[in-house]
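Here are some exercises to work through with the model open beside you. Try each task before you read its solution.

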Amino acid sequence: MATFKKLVRFAVDDQTHYGELINIDGNKYTVQQFDGTPFDKLLSTDEIHTVTNLLSPVPSTPLVICIGLNYNEHAKEASLKVPTYPPVFTKPADALAGPFETIPIHRDAQSHLDYEGELTVVIGKDAKNVSTENALDYVLGYTAGNDLSARNFQVPEASGGQFCYAKSFDLFAPIGHVLVSTKEVQDPQQLSLITKVNGQVKQTTNTNDMIWGVREIVSHLSRGMTLRKGTVIMTGTPSGVGFFRNEFLQDGDVVEVDIGGMTKVKNTIKYL
């Protein structure tokens, strides 16, 4: 069975495949095709492709689980007390989007549209009652994500303090462009995170500022609850979100999230 370092998904004609990212030349990606899936087994092939677009590194997900208030500096910026356990909310499967997709925004979500750059985890096998010591054994890999948020539906007077609806519009969870193997990331708590809007840096941090690390998050979420393989976990955003800058995303804005210089999303916002 083949192993991957930087896993991508791509399309050739009407077929989609997994592959190992070999090289990037401008907007051209050279990939070596795998047969099979990373959730069962990957088989190496001799097929090499050059493509101009990459898809979400997973074709679908049982659930997108999001962690709130998980960076010390973000908690300070929000003037919020850190709770005993990480705040948890979810996005539906249809929120999943590819790394370079244009994100259509419903007119009712446009007034306070915000970005949240996040280290994102994909679960590789079913996990339940996992210890922190063994938690990373259940992680398939790491990728970049943007937890898009319609803040007008998130403020307490509109939502009663519930975050789910504000973050659950279709394609509000772009991830990619590659899924980096756990073998390539020695410590997920030592990764840079940079978010840009139209080329301007809005968020910059290191995942060592996370309050709950990946191990703690996976263990907590699996307590009495099965995390199915393919589950996407967005692990929280650092300081610098638009809400506290009074800067919201506009039609045509381009949002980039880079994790560790290894994986990134770059999505254009399109008002409907």
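Before we start: helices and strands here are DSSP runs, numbered from the N terminus, with at least four residues for a helix (H or I) and at least two for a strand (E). Keep in mind that this is a predicted model.

**Exercise 1. A glycine in a loop**

Find where glycine 240 sits, decide whether glycine 240 is buried or exposed, and list what glycine 240 touches.

Solution. Start with the address: glycine 240 belongs to the loop between β16 and β17. Next, check the cover. The relative accessible area of glycine 240 is 8%, and the cut-off for buried is under 20%, so glycine 240 counts as buried. Now look at the neighbours. Leaving out residues up to four places away in sequence, glycine 240 is in contact with Glu77, Tyr115, Lys202, Gln203 and Arg245. Take tyrosine 115 from that list: 125 residues separate tyrosine 115 from glycine 240 along the chain, yet their C-alpha atoms are 9.5 Å apart.

**Exercise 2. Unusual backbone**

Work out which peptide bond is cis at histidine 177, then look at the phi of serine 79 and of asparagine 246.

Solution. First, the background: most residues other than glycine have a negative phi, and most peptide bonds are trans.

- The bond joining glycine 176 and histidine 177 is cis, with omega about -5°. Histidine 177 is part of strand β13, residues 173–181.
- Serine 79 has a positive phi, near 55°. Serine 79 sits in the loop between α1 (72–78) and β6 (88–91), and its relative accessibility of 67% makes serine 79 exposed.
- Asparagine 246 also isn't a glycine, and its phi is positive at about 55°. Asparagine 246 is in the loop between β16 (232–234) and β17 (254–259), and is exposed at 63% relative accessible area.

**Exercise 3. Rings and a charge**

How many aromatic pairs does a search of the whole structure find? Pick out two and describe their geometry.

Solution. The search gives seven aromatic pairs. One of them is phenylalanine 89 with phenylalanine 163: the ring centres are 5.7 Å apart and the planes meet at 70°, so this is an edge-to-face pair. Where are the partners? Phenylalanine 89 is in strand β6 and phenylalanine 163 in the loop between α2 (156–159) and β13, so to speak distant parts of the chain, 74 residues apart. Cover comes next: phenylalanine 89 is buried at 9% relative accessible area, while phenylalanine 163 is partly exposed at 30%.

Now take phenylalanine 153 and tyrosine 165. Their ring centres are 5.1 Å apart with planes at 85°, so this pair is edge-to-face. Phenylalanine 153 is in the loop between β12 (149–150) and α2, and tyrosine 165 in the loop between α2 and β13, so the pair ties together parts 12 residues apart in sequence. Phenylalanine 153 is partly exposed at 24%, whereas tyrosine 165 is exposed at 53%. Follow the ring pairs onward and you get a cluster of Phe153, Tyr165, Phe169 and Phe172.

One last stop: lysine 125 lies over the face of tyrosine 138, 4.9 Å from the ring centre.

**Exercise 4. A covered helix**

Which residues of α3 are buried, and what covers them?

Solution. Helix α3 runs over residues 214–221, and six of its eight residues are buried. Those are Val214, Ile217, Val218, Ser219, His220 and Leu221. Their cover includes the strands β5 (64–67), β6, β10 (117–123), β11 (139–146) and β16.

**Exercise 5. The whole chain**

What is the radius of gyration of the protein chain, and what would a compact globule of 272 residues have?

Solution. The protein chain comes to 18 Å, in agreement with the value near 19 Å for a compact globule of 272 residues. The C-alpha trace spans about 55 × 45 × 30 Å along its principal axes. For the inside, 52% of the residues count as buried. For contacts with a separation of 6 or more, 72% are between residues 24 or more positions apart. In secondary structure, the chain has three helices and 18 strands.

To finish, add the record: an unreviewed UniProt entry places the feature "domain: Fumarylacetoacetase-like C-terminal" at residues 64–269. That span is 9% helix and 34% strand, and its end C-alpha atoms lie 21 Å apart.

Conventions. Residues are numbered from 1 along each chain as its sequence is written. This is a predicted model: local features need pLDDT of at least 70, side-chain atom pairs count only at pLDDT 80 or more; totals for chains, interfaces and linings use all residues. Side-chain values use heavy atoms; hydrogens and water are left out. UniProt positions are given in the numbering used here, feature names are shortened, and annotations may be inferred rather than shown by experiment. Buried means under 20% relative accessible area, exposed over 50%, partly exposed in between (1.4 Å probe, protein chains only). Rings of Phe, Tyr and Trp (its six-membered ring) pair if their centres lie within 6.5 Å; planes under 30 degrees apart count as stacked, over 60 as edge-to-face and the rest as tilted. A charge sits over a ring if NZ of Lys or CZ of Arg is within 6 Å of the ring centre and within 35 degrees of the ring normal. Contact means heavy atoms within 4.5 Å. The radius of gyration is taken over C-alpha atoms; the globule rule is 2.2 Å times the number of residues to the power 0.38.
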